[in-house]
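Me: Please take a close look at a single part of this structure, and then explain what surrounds that part.

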Amino acid sequence: LVVPRAVADAAVAYRAKARARADLDNAGAVMTLLGEAPQRLGARDPSAQALPLEDLLGAAGAAEAAEAGDPTAALRALDGLHGVEHVRAHLEQLAARVRVCAREGRDTTSLLNNYVFHGAPGTGKTTIARAMGKMLYRLGVLSTDATEEVSALDLQGSYVGQTKDKLNDVFKKAQGGVLFVGEAYTLGNGHYAQEAVDQLVALCTAKEHLNKTCVVLAGYKDEMDRMIANANPGLRSRFKEVLTFQDWTERDV
């Protein structure tokens, strides 16, 4: 039984997406795929000599792998947004770098960064975070295309230790995908703000999230700059990518 190279490559990319799942038994999953594939092929076509993708991954897996063929299709969500040409260009360049990295057999997750989105409400920050997550998922960099969306105010508790627990829970929900934190500058304010920022920095480099979960901190530019500069020295090194979103004017309506 022959496994065509294209089928093998698609199967490897499909399995790679699941690497960030906490419950993943990757070796077991691969053995299950390899064990069930000949049975599916035999039931469908006993005389076949080449294993197609639908028999290796199953119908659902094959459909998902095929959908990944055009990762930048996720960026159609940017159509109609004002002043985001530079954001689209950044994401398209990122996709190109990931493809080159994959072709060369290098780890594409090394290209996954955390982001600061500067901009007022209504400028497209959440929409673009979702689109970026879907694109990175199709590229195999993220293991899910889901975006967990919270406000920074939701992350601060009312007693010592509660803030840390809230952040742990949110990061667990976002694991392998995108975590979008709106009004993130408020992480630098409040009685338990320091606990929130310190735990955020720690979780960004935890093994279950480093190069596996993309964190986006969003908010007004001046407030975000002050928070990044003053709240914790580790924030700047963990959020190197900054994208600025333009305000709408009456001419844009």
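Reply: A residue is called buried when its relative accessible area is under 20%, exposed when that area is over 50%, and partly exposed in between (1.4 Å probe, protein chains only). The structure is a predicted model, so local features need pLDDT of at least 70 and side-chain atom pairs count only at pLDDT 80 or more, while totals for chains, interfaces and linings use all residues. Residues are numbered from 1 along each chain as its sequence is written, and side-chain values use heavy atoms, with hydrogens and water left out.

The whole chain comes first. It contains 9 helices and 5 strands, where helices (H or I, at least four residues) and strands (E, at least two) are DSSP runs numbered from the N terminus. Along the sequence their order is α-α-α-α-β-α-β-α-β-α-β-α-α-β. Of the 253 residues in the protein chain, 47% are buried. A contact means heavy atoms within 4.5 Å; among contacts between residues at least 6 apart in sequence, 75% join residues at least 24 apart.

The part chosen for the close look is helix α6. This helix runs over residues 162–174, and its 13 residues reach 19 Å from the first C-alpha to the last, close to the 18 Å expected at 1.5 Å a residue; the expected span is 1.5 Å times one less than the number of residues. Gln162, Thr163, Leu167, Val170, Phe171 and Ala174 are the buried residues of α6. They lie on the same side of α6, because they cover an arc of only 165° around the axis, the arc being that of the directions from the helix axis to the C-beta atoms. On the face turned away from this buried side, α6 carries the exposed residues Lys172 and Lys173. Just after α6, Gly176 has a positive phi of about 85°.

What does the buried side of α6 pack against? Its buried residues pack against β2 (147–151), β3 (178–182), α7 (193–204) and β4 (214–219). These neighbours can be taken in turn.

In strand β2, Glu149 forms a salt bridge with Arg130, the closest N and O atoms being 2.6 Å apart; a salt bridge is a side-chain nitrogen of Lys or Arg within 4 Å of a carboxyl oxygen of Asp or Glu. Because Glu149 lies in strand β2 and Arg130 in helix α5 (residues 125–138), the pair ties together parts that are 19 residues apart in sequence. Glu149 is partly exposed, with a relative accessible area of 38%, and Arg130 is partly exposed as well, at 39%. Helix α5 also takes part in another salt bridge: Asp145 pairs with Lys134, with closest N and O atoms 3.8 Å apart. Here Asp145 comes from the loop between α5 and β2, and Lys134 from helix α5, 11 residues apart. Asp145 counts as partly exposed at 33%, and Lys134 counts as partly exposed at 36% relative accessibility. The structure holds 5 salt bridges.

The loop between β3 and α7 contains Glu183, whose phi is near 50°, a positive value in a residue other than glycine. Glu183 is partly exposed, with a relative accessible area of 39%. Farther along the chain, the loop between α7 and β4 holds Asn211, which has a positive phi near 60° although it is a residue other than glycine. Asn211 is partly exposed at 28%.

Aromatic rings complete the picture. Rings of Phe, Tyr and Trp (its six-membered ring) pair if their centres lie within 6.5 Å; planes under 30 degrees apart count as stacked, over 60 as edge-to-face and the rest as tilted. By this rule there are 3 aromatic pairs. Phe117 and Phe245 have ring centres 5.0 Å apart and planes at 50°, so this pair is tilted. It links distant parts of the chain, with Phe117 in strand β1 (residues 115–118) and Phe245 in the segment after β5 (241–244), 128 residues apart. Both Phe117 and Phe245 are buried. Tyr185 and Tyr220 likewise form a tilted pair, because their ring centres are 6.1 Å apart and their planes stand at 45°. Tyr185 lies in the loop between β3 and α7, and Tyr220 in the loop between β4 and α8 (221–230), 35 residues apart. Tyr185 counts as buried at 16% relative accessibility, whereas Tyr220 counts as partly exposed at 36%. One aromatic cluster is formed by Tyr115, Phe117 and Phe245.
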